[in-house]
Amino acid sequence: MPDAMGNAPSFLGNPGEPVPEVEADDLKTFWQRTRDLQARVPEHVSIGLEANAICGPDTNARAVWYRTSMI
């Protein structure tokens, strides 16, 4: 929901702030799982923020998703 100024809510943080660090193994795992899913369902793939289920409960799901999407 937009704030009083009409700005959309921030998904990851505030502009200019760094994206939290993540473990390289989490990036590799998430990347591979998304590619496997795309291979099985090539018509349409939508990955929600299930990085915690893929990588573990202590994973910053948004940071993993964001960093993986930049690759």
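Start with the whole chain on screen: read along the sequence, the pattern is α-α-α. Colour by secondary structure and you should find three helices and zero strands. Keep in mind as you explore that this is a predicted model.

**The whole chain**

Switch on the surface. The accessible surface comes to about 5500 Å², and carbon and sulfur atoms account for 53% of that area. Of the 71 residues in the chain, 15% are buried. Now think about which parts of the sequence meet. Take the contacts between residues at least 6 apart in sequence: 64% of these join residues at least 24 apart.

**Stop 1: aspartate 26**

Hide the surface and select aspartate 26, which sits in helix H1, residues 24–40. Which side chain of opposite charge is nearest to aspartate 26? Select arginine 33 to see the answer: the distance is 10.0 Å. Aspartate 26 is buried, yet has no salt bridge.

Next, show what surrounds this residue. Setting aside neighbours within four places in sequence, aspartate 26 is in contact with Cys55, Thr59 and Val64. Keep those three on display, as two of them come up again below.

**Stop 2: threonine 59**

Move to threonine 59, in the loop between helix H2 (51–55) and helix H3 (61–69). Is threonine 59 buried or exposed? Threonine 59 counts as buried because its relative accessible area is 11%, and the cut-off for buried is under 20%. Now draw a distance between the side chains of threonine 59 and aspartate 26: they make a polar contact of 3.4 Å.

**Stop 3: glycine 56**

Stay in the loop between H2 and H3 and select glycine 56. This glycine is buried too, at 15% relative accessibility. Measure from its C-alpha to that of aspartate 26 and you should get 8.4 Å, although the two residues are 30 apart in sequence.

**Stop 4: helix H3**

Select H3 and pick out its buried residues: Ala61, Ala63, Val64 and Thr68. Turn the view until you look down the axis of H3; the buried residues fall within an arc of 165°, so they line one face of the helix. Val64 is already familiar from the first stop, as one of the contacts of aspartate 26.

**Stop 5: glycine 13**

Finally, go to glycine 13, in the segment before H1. With a relative accessible area of 30%, glycine 13 is partly exposed. For a last distance, pair glycine 13 with alanine 63: they are 50 residues apart along the chain, and their C-alpha atoms are separated by 10.0 Å. Alanine 63 is one of the buried residues of H3, which brings you back to the helix you have just left.

Methods:
Residues are numbered from 1 along each chain as its sequence is written. This is a predicted model: local features need pLDDT of at least 70, side-chain atom pairs count only at pLDDT 80 or more; totals for chains, interfaces and linings use all residues. Side-chain values use heavy atoms; hydrogens and water are left out. Helices (H or I, at least four residues) and strands (E, at least two) are DSSP runs, numbered from the N terminus. Buried means under 20% relative accessible area, exposed over 50%, partly exposed in between (1.4 Å probe, protein chains only). A polar contact is a pair of N or O atoms within 3.5 Å; within protein, one must be able to donate a hydrogen and the other to accept it, and residues adjacent in sequence count only if both atoms are side-chain atoms. The arc is that of the directions from the helix axis to the C-beta atoms. Lys and Arg count as positive and Asp and Glu as negative; His and the chain ends are not counted. A salt bridge is a side-chain nitrogen of Lys or Arg within 4 Å of a carboxyl oxygen of Asp or Glu. Contact means heavy atoms within 4.5 Å. Accessible areas come from the Shrake-Rupley method with a 1.4 Å probe; for residues, only the protein chains shown count as cover.
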